[in-house]
Amino acid sequence: MSLPFVTYSRNVFIPLTNVCRNRCGYCGFRRDLGHPEAKLLTPEEVKNILLKGAHAGCSEALFTFGEHPEEVPGFNKWLLELGFDNIIDYLVELSKLSISIGLLPHSNPGILERSEFEKLKSYNASMGLMLETTASVKGHEGCAGKIPESRIRSIEYAGELKIPFTTGILVGIGETWDDRVRSLKTIKEIHEKFGHIQEVIIQNFIPKPATGMASSSGPGIEDMKRTVCLARKLLPSDIAIQVAPNLISPRELIECGASDLGGISPETIDYINPESPWPNLLELRSMVDVPLRERLPVYPQYVKKGWYSAGLKHVIYDLSDAEGFRKTY
Ligand code: SF4
């Protein structure tokens with residue numbers, strides 16, 4: 001398959017909290033509340049990251065969370081000290097801060113109620129939630145947030161509210177080939193109902209030390225190629241297929257139909273995969289055989305359709321070109 005270009009965005013990664021109600025068997029990000037590395041970023045810390053991102057020419061503030069940390073006893077004390085009684089209201093304030101600095105928020109807060117999506121919609125250019133898999137896998141045992149039906153319901157709420165959305169599958173966490181087919185077909189069906197899925201990440205599982213799945217193997221390149229080919233075949237053509245160039249070499253996956261390289265941060269690390277640095281732009285160019293084109297966290301088709309709130313309009317207008325990609329100066 002020959003593409004005229006592949007896309008990417010420039011972001012800052014903001015790990016708002018690593019406290020999480022779940023305990024996924026592959027997660028190296030989550031920390032128990034008493035752990036010295038457990039944290040909830042303060043507004044000042046977030047502001048510093050946002051300012052660095054704006055200075056580096058980023059367009060996106062990627063807010064990432066442990067899921068429903070308020071269900072972890074003791075966490076709410078941290079929130080109250082900052083003047084908030086729930087994490088979603090705190091995220092709304094930080095999203096407003098991001099907009100005021102000129103970065104478009106893209107939040108991944110885990111599964112949400114419809115009312116929570118409604119609160120965030122006005123202040124987020126796009127949002128995301130990995131489906132991961134429709135299968136019940138051992139790595140998700142005891143994780144309330146990893147029940148596939150709950151994740152599907154969240155993705156559908158975002159669709160009802162016309163929120164441009166990122167989802168994806170995690171490859172190699174114990175699912176079968178048929179499970180991958182089912183997961184991708186589920187995403188396809190949701191998109192056919194609501195039309196809001198802008199990209200599907202095909203992410204290869206990487207084992208992390210000191211986790212339940214530390215001794216498991218991630219998928220090889222052949223498995224990933226086959227999965228990307230399958231995704232391209234099953235998913236509607238207006239959904240981009242994203243692969244992560246800090247986790248796997250993208251060249252052959254682009255030949256299979258991948259068309260996006262995700263967020264590349266010049267200022268922050270990938271806190272979920274801290275052992276895998278993002279390539280810089282020069283390195284990224286050398287990793288692919290097609291030109292690169294920068295996009296915003298919201299894809300061009302949704303910029304053109306006006307799927308954004310009045311409060312985001314001026315930032316989107318400042319950052320986008322006539323086709324809805326990132327403006328070049
Ligand atoms: S992968 Fe996400 S949901 Fe699972 S434990 Fe880690 S932070 Fe929580």
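A residue is taken as buried if 20 or more other C-beta atoms lie within 10 Å of its own. The structure in the viewer is a predicted model, and the tour opens with a residue to which that cut-off applies.

**Glu 132**

Select Glu 132. Its surroundings hold 25 other C-beta atoms within 10 Å, so Glu 132 is buried. The residue belongs to the loop that links strand 4 (126–128) and helix 5 (148–160). A backbone plot will show that Glu 132 has a positive phi of about 70°, although it is not a glycine.

**His 68**

Proceed to His 68, located in the loop between strand 2 (60–65) and helix 2 (75–81). Here too a residue that is not a glycine has a positive phi, in this case of about 40°. Is His 68 buried or exposed? With 20 other C-beta atoms within 10 Å, His 68 is buried, because the cut-off is 20 or more.

**The ligand shell**

Display next the residues around the ligand. Cys 20, Asn 22, Arg 23, Cys 24, Cys 27, Phe 29 and Arg 30 are among them, as are Gly 66, Glu 67 and Gly 145. Colouring this shell by residue class gives four nonpolar, three polar and three charged members.

**Strands 2, 3 and 4**

Turn to strand 3, residues 104–108, which is mostly covered: four of its five residues are buried. On which strands does strand 3 pair in the parallel sense? Strand 2 runs parallel to strand 3 and is joined to it by five bridges, while strand 4 pairs with strand 3, also in the parallel sense, over two bridges.

His 106 in strand 3 is a useful residue to centre on. Leu 62 stands opposite His 106, and His 106 in turn stands opposite Ser 126 in strand 4. From strand 3, trace the chain through helix 4 (residues 114–121) to strand 4; this β-α-β crossover is right-handed.

**Thr 186**

The last stop is Thr 186, within helix 6 (residues 177–194). Thr 186 has 19 C-beta neighbours inside 10 Å and therefore counts as partly exposed. Which residues does Thr 186 contact, leaving aside its neighbours within four places in sequence? They are Leu 131, Thr 134 and Ile 152. To finish, draw a distance from the C-alpha atom of Thr 186 to that of Gly 83: the two residues are 103 residues apart along the chain, and these atoms are separated by 40 Å.

Key. Residues are numbered from 1 along each chain as its sequence is written. This is a predicted model: local features need pLDDT of at least 70, side-chain atom pairs count only at pLDDT 80 or more; totals for chains, interfaces and linings use all residues. A residue is buried if 20 or more other C-beta atoms lie within 10 Å of its own, exposed if 12 or fewer, and partly exposed in between; C-beta atoms are placed from the backbone. A residue is near a molecule or strand if its C-beta atom, placed from the backbone, lies within 6 Å of it. Ala, Val, Leu, Ile, Met, Phe, Trp, Tyr, Cys and Pro count as nonpolar, Asp, Glu, Lys and Arg as charged, and the others, Gly among them, as polar. Two residues are in contact if their C-beta atoms, placed from the backbone, lie within 7 Å. Two strands pair if DSSP finds at least two bridges between them. A crossover is right-handed if, with the strands pointing away from the viewer, the path from the first strand over the helix to the second runs clockwise.
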